[in-house]
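Visitor: Hey, got a few minutes to walk me through this one? I'd like to start inside the protein and then move out to the DNA.

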2 protein chains.
Amino acid sequence: MLKITRKVEYALIALRHMQSKNVDELTSTKEIANQYGIPQQLLAKTLQQMARDRILEAVQGPAGGYRILAKLDRISLKDFFEKLEGPLGMMDCYFESDCIQISACNIRVPIQRINDNLRNMFTQMTLQEVTQ
Amino acid sequence: MLKITRKVEYALIALRHMQSKNVDELTSTKEIANQYGIPQQLLAKTLQQMARDRILEAVQGPAGGYRILAKLDRISLKDFFEKLEGPLGMMDCYFESDCIQISACNIRVPIQRINDNLRNMFTQMTLQEVTQ
DNA sequence: AATAAATACGACATATTTAATCGTATTTAA
DNA sequence: TTAAATACGATTAAATATGTCGTATTTATT
Ligand code: FES
Ligand code: FES
């Protein structure tokens with residue numbers, strides 16, 4: 001439980017890598033994949049998704065690559081996680097109106113309490129302070 | 001990511017159920033499984049584990065069952081999670097001395113920062129305040 | 001115009017983890 | 001002696017995460 005996924009991990013690695021460069025400089029998928037020994041195809045999909053989410057800007061063609069587009073200090077870790085992985089909740093039923101998963105569930109409120117704390121925490125942390 | 005497991009969920013349901021009874025009263029696995037519609041065998045293993053962890057006390061034989069043994073306000077959510085699921089970390093490598101998973105990983109420190117916040121949060125919450 | 005190197009992306013395959021079940025043994029009240 | 005409960009390792013099934021493949025598109029370079 002509470003494991004970060006590879007997708008998020010690779011995204012963080014990529015961001016941190018790009019932050020160590022000039023803002024306009026481009027980084028290719030290959031460069032990151034080679035340097036950190038991660039699967040290029042998988043990283044590519046992650047970077048593509050970040051580009052769709054307007055966190056990165058993609059430049060196509062040879063000598064193309066990615067650069068950071070968004071203001072990382074304006075993106076909460078919660079938003080970042082949710083962009084990559086969907087709604088952030090400890091229970092599947094958290095976002096559904098009715099908890100049909102377990103009849104007569106008695107821990108809905110307790111779970112939401114934990115959830116709110118989790119979400120609060122990740123709402124207060126920015127992507128910038130994590131990758132800086 | 002960040003999903004609570006069924007084991008933890010069932011454990012919380014059981015605790016909450018027992019808290020609504022007199023302290024000495026016993027609750028059987030069957031009773032909880034039936035009432036909340038959860039797999040009896042799986043719940044049984046969870047309760048057995050909690051008994052080994054001295055959170056519950058088990059009474060064998062017919063008319064046996066479980067009752068709460070520990071002071072729930074003295075058990076942090078972190079300890080509870082770790083008893084049931086093992087070390088609580090967002091990365092597998094968090095508890096290993098050397099991060100061999102990714103060569104030249106550049107996010108060890110950032111990840112640990114997130115981890116520490118997580119662990120802090122769950123250290124401050126007690127089982128009592130979650131299930132009360 | 002042709003080539004090559006990069007991104008874009010859906011579909012598929014594999015691996016890992018979680019969840020559930022099975023089978024059998026033990027305990028003990030009735 | 002029986003029945004109803006806990007104890008627990010082994011196995012199966014399901015879900016999720018991870019990785020790969022194939023193909024298309026873009027565009028700088030030649
Ligand atoms: S089924 Fe929704 S919190 Fe339990
Ligand atoms: S491999 Fe340990 S934090 Fe990256």
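Visitor: Okay, B:F122 first. Which residues is it in contact with, leaving aside its neighbours within four places in sequence?
Guide: From chain A, B:F122 is in contact with A:L2, A:M90, A:I114 and A:L118. From chain B, the list has B:S76, B:L77, B:K78, B:F81 and B:L88. Keep in mind that this is a predicted model.

Visitor: And how many residues does the largest nonpolar core have?
Guide: That core has 83 residues. B:F122 is among those with the most contacts inside it, along with A:F80, A:F122 and B:F80. As a general point, nonpolar side chains tend to be buried together in soluble globular proteins.

Visitor: What about A:S76, buried or exposed?
Guide: A:S76 has a relative accessible area of 10%, so it counts as buried, the limit being under 20%. It's found in the loop between β2 and α4 (77-85) of chain A.

Visitor: What does the side chain of A:S76 have by way of a polar partner?
Guide: A polar atom of the A:S76 side chain lies 3.0 Å from the backbone nitrogen of A:D79. Setting aside neighbours within four places in sequence, A:S76 is also in contact with A:F122, A:T123, A:M125 and A:T126.

Visitor: Switching to the DNA. Which residues come nearest to strand C?
Guide: There are 25 residues around DNA strand C, and the nearest are A:K45, A:R52, A:Y66, B:Q60 and B:P62. Of the strand C atoms within 4 Å of the protein, 71% are sugar and phosphate.

Visitor: Which polar contacts are there with strand C, say for A:K45?
Guide: A:K45 has a polar side-chain atom 2.7 Å from a base nitrogen of DNA strand C. A:Y66 goes to the backbone of the DNA, with a polar side-chain atom 2.6 Å from a phosphate oxygen of that strand. From chain B, a polar backbone atom of B:G61 is 3.4 Å from a base oxygen of DNA strand C.

Visitor: Which elements give two or more residues to that surface?
Guide: In chain A they're α2 (29-36), α3, β1 (56-59) and β2 (65-68), and in chain B they're α1 (6-19) and α3. By class, the surface near strand C has 9 nonpolar, 11 polar and 5 charged residues.

Visitor: Now strand D. How many residues surround it?
Guide: 24 residues do, and A:Q60, A:P62, B:K45, B:R52 and B:Y66 are the closest. They split into 9 nonpolar, 10 polar and 5 charged. Sugar or phosphate makes up 68% of the strand D atoms within 4 Å of the protein, and the rest belong to bases.

Visitor: What do B:R52 and B:Y66 do there?
Guide: An N or O atom in the B:R52 side chain is 2.7 Å from a phosphate oxygen of DNA strand D. B:Y66 has a polar side-chain atom 2.6 Å from a phosphate oxygen of strand D. For a base contact, look at A:K45, where a side-chain N or O atom is 3.5 Å from a base oxygen of DNA strand D.

Visitor: Last topic, backbone angles. What's the phi of A:A63?
Guide: It's positive, near 65 degrees, and A:A63 isn't a glycine. Most residues other than glycine have a negative phi. A:A63 sits in the loop between β1 and β2 of chain A, and at 75% relative accessibility it counts as exposed.

Visitor: And where does B:A63 lie?
Guide: B:A63 lies in the loop between β1 and β2 of chain B. Its phi is positive, about 65 degrees, and it's exposed, with a relative accessible area of 74%.

How values were computed:
Residues numbered from 1 in each chain as written. Chains lettered and ligands numbered in written order. Predicted model: local features only at pLDDT ≥ 70, side-chain atom pairs only at ≥ 80, totals over all residues. Heavy atoms only, no water. Near = heavy atom within 4 Å. Polar contact = N/O pair within 3.5 Å; in protein donor to acceptor, adjacent residues only side chain to side chain. Nonpolar A, V, L, I, M, F, W, Y, C, P; charged D, E, K, R; others polar. Helix = DSSP H or I, 4+ residues; strand = E, 2+ residues; numbered from the N terminus. Buried < 20%, exposed > 50% of the residue type's maximum accessible area, 1.4 Å probe, protein only. Contact = heavy atoms within 4.5 Å. Core = buried A, V, L, I, M, F, W, Y, C linked by side-chain atoms within 4.5 Å.
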